[in-house]
Amino acid sequence: MRYAQGGGLTDAGRAARGRVRVQAVERFEGGQKNREIAAALRVSERSVERRRRQWRERGEAGVLSKGSPGRPRLSDAQIARLERELERGPLAHGWADQRWALARIKTLIGRLFHVSYTVEGTWLLLKRHGWSWQQPARRAIERDDAAVEGMEEGDLAAGKSTAAACDGWIVFEDEAGQSMTPPRARSWGRKGATPLVRVRGRGSGRVSMAGLTCCKPGKRSRMFHSVREYRGRKGEPKGIGWRDLRDLLVRAHIQLGGPIVLVWDNLRMHLVPPMREFIADHADWLTVFQRPSYTPDSNPQEGIWSLVKRDIGNLAAADLGQITQAVKRKPKMVRYRPEVINGRLAGTGLALDA
C-alpha cells in the first residue's frame, strides 16, 4: 500500500484498498474460505475474518469504505497563519526555551483556532505540510535584521563598487579562540547510553586566531591568518591585539598586490585610536566598511573558523601546544583549497561576481 509523507494513504492507495474490499465482498458471496481469499488478495487471514464478520453483521455497507472522514480541521488560511506563528518561534508565544515540541504546537493550535488536536494528529499535520524535526541554527537576540539587510544591499554594494573602482580585493576579517576544552562533536554510541568523551581537566591558556578571507572576481580566493598563544605568563598578551591585526593587513596587502576593501564588525579592538590612525594613514590602499553586530552568518571567515573547530572536536589535548598545532593545521589546508573559501562565501549568500 502506498503512503503519503504525513503517514496517510495516497489517492492511489485508497483506490487500491477500495478494490480489495469490493473483491472481498464478491468472494464472501461466492462462499470462498478465508485462506483462499487471503492468498488471492495478499492480505492476512485475520483481516479477511474481520471483514467477513462485518459483512455478516451489516452486509456490504459494513465492509466498503465510508469515504473521507470529513473536511480538514484547519483551513488553508489557518494553516498559513499557523506556519507564520511557528516561524516567529516559541519565544514570541511565551516559552523561555526555543524548542517547538509537538505538545507546544498542539497548545498553540488550541490558542489560535480553538481546535483540539492530539499529539499524533499534530505530528501528521506538520509532516503533511513539510515540517520536520531538525537541529536549529543559533542567532543572537540582539541582532538587528534590518541593519543586516541594509548592509547586504547598501554597504556591501558600496564595498563592491569601491573594490571594482580601485581594482582591489574585498576582505572579510574575524577573530576566534579556543581553550583546552575542545568543542563537542557528535559520535556514535549504543542506544540509551550517551557517549563519554574524556578531556583533561588540568591546564590553562587559550589560543587566539585572526583571519582574512580575500575575494576578487576573476582571481583565486585567498586566506591569511595569525595565531597567538596565551599561557598566563606575566606581561604576555591575552590574545590578538590591534598590532596583530595591523601586521596581518600589511602582510595581506603585500601578497595580494592591490588595494583592500576591509569588511569587519565593530569590535572594540577595531575602533581603538591607534587602529583608526593606521587606517587613516593608509587610505590609499585600505578602505573599511563596518558590519552590524551579531552577524556571523554574513562573514565567510566565520565559516572557516567553524571548519577549524569541527576538526578539533572531542580532542583530548595533552597541553596547549597540541591545541595550537591542531588549530594551525586546518587554516593551512584551506589556504591551498580556494574552492573551500568560495563555498564559505556562497554560504553567506553574498555574491561578489556582480
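1. In this predicted model, the elements that cover the buried residues of α6 include α5 and α7. The buried set of α6 consists of Arg104, Ile105, Leu108, Ile109, Leu112 and Phe113. These residues lie on the same side of α6, because the arc they cover around the axis is only 140°.

2. The length of α6 was also examined. The helix comprises 12 residues, 102–113, and at 1.5 Å a residue these should span 16 Å; the C-alpha atoms at its ends are 16 Å apart, so the expected and computed values agree. Just after α6, histidine 114 adopts a positive phi of about 55°.

3. As to internal voids, searching the whole structure yields one cavity of 30 Å³ or more. The volume of the largest cavity is about 40 Å³.

4. Which residues line the largest cavity? The lining is made up of Ile79, Leu82, Glu83, Leu86, Leu125, Leu126, His129 and Trp131. Sorted by class, this lining contains six nonpolar residues, one polar residue and one charged residue.

5. The lining of the largest cavity may also be described by helix. Both α5 (76–88) and α7 (119–128) supply at least two residues of the lining. The largest contribution comes from α5, with four residues. Helices α5 and α7 thus appear in two roles: they are among the elements that cover the buried residues of α6, and each supplies residues to the lining of the largest cavity.

Methods. Residues are numbered from 1 along each chain as its sequence is written. This is a predicted model: local features need pLDDT of at least 70, side-chain atom pairs count only at pLDDT 80 or more; totals for chains, interfaces and linings use all residues. Side-chain values use heavy atoms; hydrogens and water are left out. On a 1 Å grid over the protein atoms alone, a cavity is a set of points where a 1.4 Å probe fits but cannot get out, and a pocket is an open set with protein on both sides within 12 Å along at least five of seven lines; lining residues have an atom within 4 Å of a point. Grid points are joined across faces, edges and corners, and a volume is the space filled by probe spheres set on the points. Ala, Val, Leu, Ile, Met, Phe, Trp, Tyr, Cys and Pro count as nonpolar, Asp, Glu, Lys and Arg as charged, and the others, Gly among them, as polar. The expected span of a helix is 1.5 Å times one less than its number of residues. Buried means under 20% relative accessible area, exposed over 50%, partly exposed in between (1.4 Å probe, protein chains only). The arc is that of the directions from the helix axis to the C-beta atoms. Contact means heavy atoms within 4.5 Å.
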